[in-house]
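Work through the exercises below with the coordinates open. Each task is followed by a solution in steps.

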Amino acid sequence: MTVDQTKTPLFTALKEHAARNPVQFHIPGHKKGVGMDPEFREFIGDNALSIDLINIAPLDDLHQPTGVIEQSQRLAAEAFGADHTFFSVQGTSGAIMTMILTVCSQGDKIIVPRNVHKSIMAAIIFAGAKPVFLKPVRDENLGIDHGVTTSSVRRALERHPDAKAVLVINPTYYGVCANLKEIVDIVHGYNIPVLVDEAHGVLIHFNDKLPMSAMQAGADMAATSVHKLGGSMTQSSVLNIREGRVNVRRAKTIISMLTTTSTSYILLASLDSARRNLALNGEAMADRAIELAEYARNQINEIPGLSCFGREILGSEATFDCDPTKVNIHVRHLGITGYDAENWLREQYNIEVELSDMYNILCLVTPGDTQENIDTLLAALRRLSAENYNIRQANELVIKIPKIPQLTLSPRDAFYGDTELIPFKESADRIIAEFIYVYPPGIPILLPGEVISQDLIDYITEHIEVGLPVKGPEDRSIEFVKVIVETPAIF
């Protein structure tokens with residue numbers, strides 16, 4: 001059956017429905033904007049509000065699509081090279097949770113990188129699964145993490161051939177990829193499915209200058225963030241599935257269980273039209289973004305004290321390929337931190353970056369960028385360099401990452417277990433019952449079920465004292481930490 005990628009079944013149906021201007025006796029209660037705050041209505045606009053609808057018969061239902069949503073999902077599957085594509089209005093996090101809950105039940109093992117997004121750990125807790133962690137490769141020059149190596153995946157499978165799935169991040173936040181095809185082939189040798197966190201990789205499927213996508217590599221499921229780089233609205237994403245090793249009906253049931261019944265038709269329509277744009281123009285869109293990013297990279301590498309890695313970092317197992325549209329600017333040689341640079345760019349130039357850490361700022365160049373945007377960034381960076389380079393002493397790159405703690409309870413048992421609050425500085429050798437994330441490098445330092453070591457207490461305390469954001473615990477100041485109650489021995 002030939003598929004016509006110029007069509008947008010859902011978006012078109014919504015526009016036609018709005019044009020008929022029906023009398024609405026259903027939610028949302030604002031009824032095309034009439035019943036809402038006038039200032040918000042004026043700002044958002046009546047067009048948007050006219051398609052802020054719900055699952056009435058002419059518009060199909062995301063939970064059991066048989067009409068225009070089903071047609072739109074079929075077009076998306078063809079565009080992404082999947083057997084099935086499901087739209088997610090719960091973001092990529094919802095798609096990631098669906099992948100894990102589809103393949104894992106209570107007590108099942110899943111092999112995951114240690115630098116996973118918190119949605120992956122949330123799903124592991126909900127499923128009651130046991131994570132087997134792979135250590136990502138740390139870049140000693142940049143202070144960031146890359147992907148996992150083929151050999152670490154192979155070792156994990158030799159030790160845990162009973163794992164229910166292997167999850168891979170492709171590409172990483174910084175745009176770096178391991179050899180996904182090779183990893184997929186190894187895992188499939190054990191007849192185990194490969195799940196891909198493709199949050200930062202929507203464009204890679206549409207341009208050969210970019211790394212290989214999950215579906216091109218033969219992966220079984222991929223959570224692909226269309227809103228991050230592909231032009232749909234925030235919170236809209238897709239779950240791509242290849243049939244065979246994954247029960248598609250179960251995946252469909254689970255994504256429905258995780259999804260609100262009041263699905264946003266604005267988000268769904270933006271996915272439908274973003275898919276059309278990617279299918280028809282994705283290659284040209286990515287070409288333009290690559291061109292602007294490479295121009296930025298070359299110019300930044302001329303600025304004293306700044307550097308921006310490119311293809312020269314390739315060649316190791318963890319750096320098999322990279323996406324040049326992720327422009328990571330290493331600021332350490334200016335004697336400032338990435339946080340300093342982020343704040344300075346905001347205050348002086350009204351520039352907002354994607355993220356900053358101790359040594360870097362990350363700027364994403366997308367199909368939404370122009371030459372003017374890039375030139376503004378370059379002008380700002382030139383001044384940042386002039387004000388700091390050779391004036392301040394370069395920061396030393398210190399990478400003290402404590403070793404991965406011992407997981408003694410399943411994350412689910414710890415998260416739902418009997419707990420007490422104790423002073424963090426006195427918590428050595430206790431089992432933590434909550435998360436602690438420290439940025440940099442964004443890796444969860446402690447997860448529910450792990451043993452707190454004195455090394456970790458020192459590491460985290462040091463980060464807090466430097467003023468770096470520590471996230472996760474219920475006590476934001478991290479003076480107290482939630483641990484599992486220990487039953488004292490009886491003498």
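**Exercise 1. Helix 5 and helix 11**

Determine the handedness of the crossing of helix 5 and helix 11, and describe their packing in this predicted model.

Solution.
Step 1. Helix 5 crosses helix 11 in a right-handed sense.
Step 2. Two quantities describe a pair of packed helices: the angle between the axes and the distance between them. For helix 5 (residues 91–103) and helix 11 (residues 248–258), the angle is about 135° and the axes are 9 Å apart.
Step 3. Angles over 145 degrees would count as roughly antiparallel, and 65 to 115 as roughly perpendicular. Helix 5 and helix 11 are therefore oblique to each other.
Step 4. List the residues that make the contact. Helix 5 contributes G94, M97, T98, L101 and T102, while helix 11 contributes R250, A251, I254, I255 and L258.

**Exercise 2. Strand 2 and strand 3**

Find how strand 2 and strand 3 are paired, and how many residues of strand 2 are buried.

Solution.
Step 1. Strand 2 (residues 109–113) is joined by five bridges to strand 3 (residues 130–134). The two strands run parallel.
Step 2. One residue pair fixes the register: P113 has L134 of strand 3 as its bridge partner.
Step 3. Applying the cut-off of under 20% relative accessible area for buried, four of the five residues in strand 2 are buried, and the strand is mostly covered.

**Exercise 3. A four-stranded sheet**

Give the strand order of the sheet that contains strand 13 and strand 15, and identify its edges.

Solution.
Step 1. The order is 11-13-15-14, in an open sheet of four strands with antiparallel pairing.
Step 2. Strand 11 (307–308) and strand 14 (355–356) each have a single partner strand, so they stand at the edges, and one side of each lacks a neighbour in the sheet.
Step 3. Take the pair formed by strand 13 (residues 326–330) and strand 15 (residues 360–364): five bridges join them, and they run antiparallel. Within this pair, V327 is bridged to C363 of strand 15.
Step 4. Add the helix that lies on the sheet. Helix 13 (residues 338–349) lies across strand 14 and strand 15, at about 50° to strand 15.

**Exercise 4. Salt bridges and accessibility**

State how many salt bridges a search of the whole structure finds, then classify the partners in the pairs D323 with K326, D46 with R41 and E387 with R383 as buried, partly exposed or exposed.

Solution.
Step 1. The search finds 21 salt bridges.
Step 2. In the pair D323 and K326, the closest N and O atoms are 2.7 Å apart. D323 has a relative accessible area of 4% and is therefore buried. K326, at 1%, also counts as buried.
Step 3. D46 and R41 meet through their side chains at 2.9 Å, N to O. D46 is partly exposed at 39%, and R41 is partly exposed at 26%.
Step 4. E387 and R383 have their closest N and O atoms 2.8 Å apart. Both residues belong to helix 14 (residues 371–388), four residues apart, about one turn of the helix. E387 has 36% relative accessibility and counts as partly exposed; R383, at 29%, is likewise partly exposed.
Step 5. Look for bridges with shared partners. E342, R346 and E352 are joined in this way into one network.

Terms used:
Residues are numbered from 1 along each chain as its sequence is written. This is a predicted model: local features need pLDDT of at least 70, side-chain atom pairs count only at pLDDT 80 or more; totals for chains, interfaces and linings use all residues. Side-chain values use heavy atoms; hydrogens and water are left out. A salt bridge is a side-chain nitrogen of Lys or Arg within 4 Å of a carboxyl oxygen of Asp or Glu. Buried means under 20% relative accessible area, exposed over 50%, partly exposed in between (1.4 Å probe, protein chains only). Two strands pair if DSSP finds at least two bridges between them. Contact means heavy atoms within 4.5 Å. Axes are lines fitted to C-alpha atoms, for helices over the stretch in contact, and angles run from 0 to 180 degrees between N-to-C directions. Angles under 35 degrees count as roughly parallel, over 145 as roughly antiparallel, 65 to 115 as roughly perpendicular and the rest as oblique. A crossing is left-handed if the near helix is turned anticlockwise from the far one by less than a right angle, and right-handed if clockwise.
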